[in-house]
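I opened my notebook for a fresh model today and kept the notes short. Here is what I looked up, in the order I went through it.

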Amino acid sequence: GMFDHSEPVPDETARPKRDIAFIALEPRFLRRSIFLVLIGVLIFQMVTWSFSLLAGFFFNLLLAWLLAISIDPIVTGLAERGMRRGLATSIVAIAGVALVGGFIALFGGALATQITELITAMPGLILDLVRWFNSTFDANIDPVEITSNLNLTTDQITSIASSLAGGIFGVVFSVLGVAFSFLTVLVFSFYFSADSPRIKRFVASWLPHNRQIVFINVWDIAVRKAGGFLISKLALATLSAAAHVGFFYLIDIPYWLPMGIFAGLVSQFIPTIGTYIGVALPALFAAFEQPVDILWIVLFASVYQQFENYVFTPRISTATMDINSGVALGSVFVGAALFGPIGAIIGIPLVAIVIAVIEAYAHRYQLHPEVEERTVSRRRSVPVEIIRESDESESETP
């Protein structure tokens, strides 16, 4: 007929069909899973939001802890002589605040005025440098374009200053914010220093016995490495800043007060190149005022560096930072990128603590004899073969 009702012949090469299994989720389980996921996302958002608001407070706590361990050698020394730790911390804190307050009372007005003038003079310095470069190397650099790209034109500086100020209310709130941060660091640093033994016992009580020893060792390493470093570097920076400020004042360097403070701080807290950076900026301003002052600045910096290395540093430094100079310099740049100028100061102590803890608990291996020979031969410029022959002859000698 027209229609073939016979059954089709099965294909032998075709794959057997598999039954499709459907998984049915229980509505109650599905609702609970969705609810838990939403709760997890909400908690994550709350933690992220809270951390973004409290990041500044946590950073102030870090500064307070570093300040507390930096004055710990002095406080511990007074406490070992029979003075109560709280009283010893109060004496050190009052002395520090008095020194800072005295400096602000004597030089605060002049420092603020000179910093304002220095920022205003930056476009002029850039223009002078570009003109000197064009005339010396026969270049064709547009100074106006340079200052515009660097946001250093007079109009832009005025606009930035106005936006930062934000009127009288902006100034008031800025001052209050700085004062609150300073008070937070001061209060918590006093607490960390005065109650240091109690804090260590409290934290250790939440840890197993073996972890308690590790915690105390890490705390002691931090005090020894970061604390001694910070207090010694602050003392050396104070002496260096005072010397540079006095010398810059005598030879009448423009903006002598901020320049001297800058040179003193940078020379101590930026390793290897800090001294050169500290004198480069005042030398640039002096180059277009009194070029001969550059020679006096370089001579003074060289003489003071030698005097500091052989007189001040051996008497003030209470801790040696066992850290590679390249790592130290990198920690300064990373700290400055993360936390600004303060990060550049605290970068080296934090990295030194990490390295010291790793060295205290990590296992180090003895050098292979061939590695030892090659490194010694390079330092002494002796061929490896000669060292091997001498070693073999010594081993054959009874």
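My entries run from the overall picture to single residues.

**Entry 1: the whole chain**

I noted at the start that I am working with a predicted model. I looked up the secondary structure and found 15 helices and zero strands. Next I asked what share of the 398 residues counts as buried. I got 28%. For the surface, I read off an exposed area of about 27500 Å², with 68% of it supplied by carbon and sulfur atoms. I also looked at contacts with a separation of 6 or more, and residues 24 or more positions apart account for 65% of them.

**Entry 2: a nonpolar patch**

I then went looking for nonpolar side chains on the surface. I found a patch formed by F35, L36, I39, L42, I43, M46 and V47. Together these residues have about 690 Å² of accessible area. I picked F35 for a closer look and placed it in helix 1, which covers residues 27-70. Its relative accessibility is 53%, and the cut-off for exposed is over 50%, so I wrote F35 down as exposed.

**Entry 3: salt bridges**

I reminded myself that side chains of opposite charge can pair when their charged atoms come close. How many salt bridges does the structure hold? My count came to one. The partners are R85 and D72, with 2.6 Å from N to O. I checked where they sit: R85 belongs to helix 3 (residues 85-137) and D72 to helix 2 (residues 72-80). The two are 13 residues apart, and the pair links distant parts of the chain. Are these partners buried or exposed? R85 has a relative accessible area of 17% and is buried. D72 comes out at 13%, so I counted D72 as buried too.

**Entry 4: aromatic pairs**

A pair of aromatic rings is described by the distance of the centres and the angle of the planes, so I collected both values. The structure holds 17 aromatic pairs. One of them is F202 with W206, an edge-to-face pair with 6.3 Å centre to centre and 70 degrees between the planes. I looked up accessibility here and found F202 exposed, and W206 exposed as well.

Another pair I wrote down is F247 with F300. Why is this pair stacked? The ring planes stand at 5 degrees, with the centres 4.2 Å apart, and stacked applies to planes under 30 degrees apart, so the label fits. F247 lies in helix 8 (residues 209-250) and F300 in helix 11 (residues 292-316). The pair links distant parts of the chain, 53 residues apart. I got 15% relative accessibility for F247, which means that F247 counts as buried. I then followed the rings outward and found that F247 and F300 belong to one aromatic cluster, together with F248, Y304, F307 and F312.

**Entry 5: positive phi**

Most residues other than glycine have a negative phi, so I searched for exceptions. I noted D252, with a positive phi near 60 degrees. I also noted Y255, where phi is positive at about 55 degrees although the residue is not a glycine. D252 is in the loop between helix 8 and helix 9 (256-269), and Y255 lies in the loop between helix 8 and helix 9 as well. Which of the words buried and exposed goes with each? D252 has 60% relative accessibility, so I marked D252 as exposed. Y255 has 17%, so I marked Y255 as buried.

Conventions:
Residues are numbered from 1 along each chain as its sequence is written. This is a predicted model: local features need pLDDT of at least 70, side-chain atom pairs count only at pLDDT 80 or more; totals for chains, interfaces and linings use all residues. Side-chain values use heavy atoms; hydrogens and water are left out. Rings of Phe, Tyr and Trp (its six-membered ring) pair if their centres lie within 6.5 Å; planes under 30 degrees apart count as stacked, over 60 as edge-to-face and the rest as tilted. Buried means under 20% relative accessible area, exposed over 50%, partly exposed in between (1.4 Å probe, protein chains only). Helices (H or I, at least four residues) and strands (E, at least two) are DSSP runs, numbered from the N terminus. Contact means heavy atoms within 4.5 Å. Accessible areas come from the Shrake-Rupley method with a 1.4 Å probe; for residues, only the protein chains shown count as cover. Patches are made of residues with over 30% relative accessible area and no salt bridge: like charges are joined within 9 Å, nonpolar side chains (Val, Leu, Ile, Met, Phe, Trp, Tyr) within 5 Å. A salt bridge is a side-chain nitrogen of Lys or Arg within 4 Å of a carboxyl oxygen of Asp or Glu.
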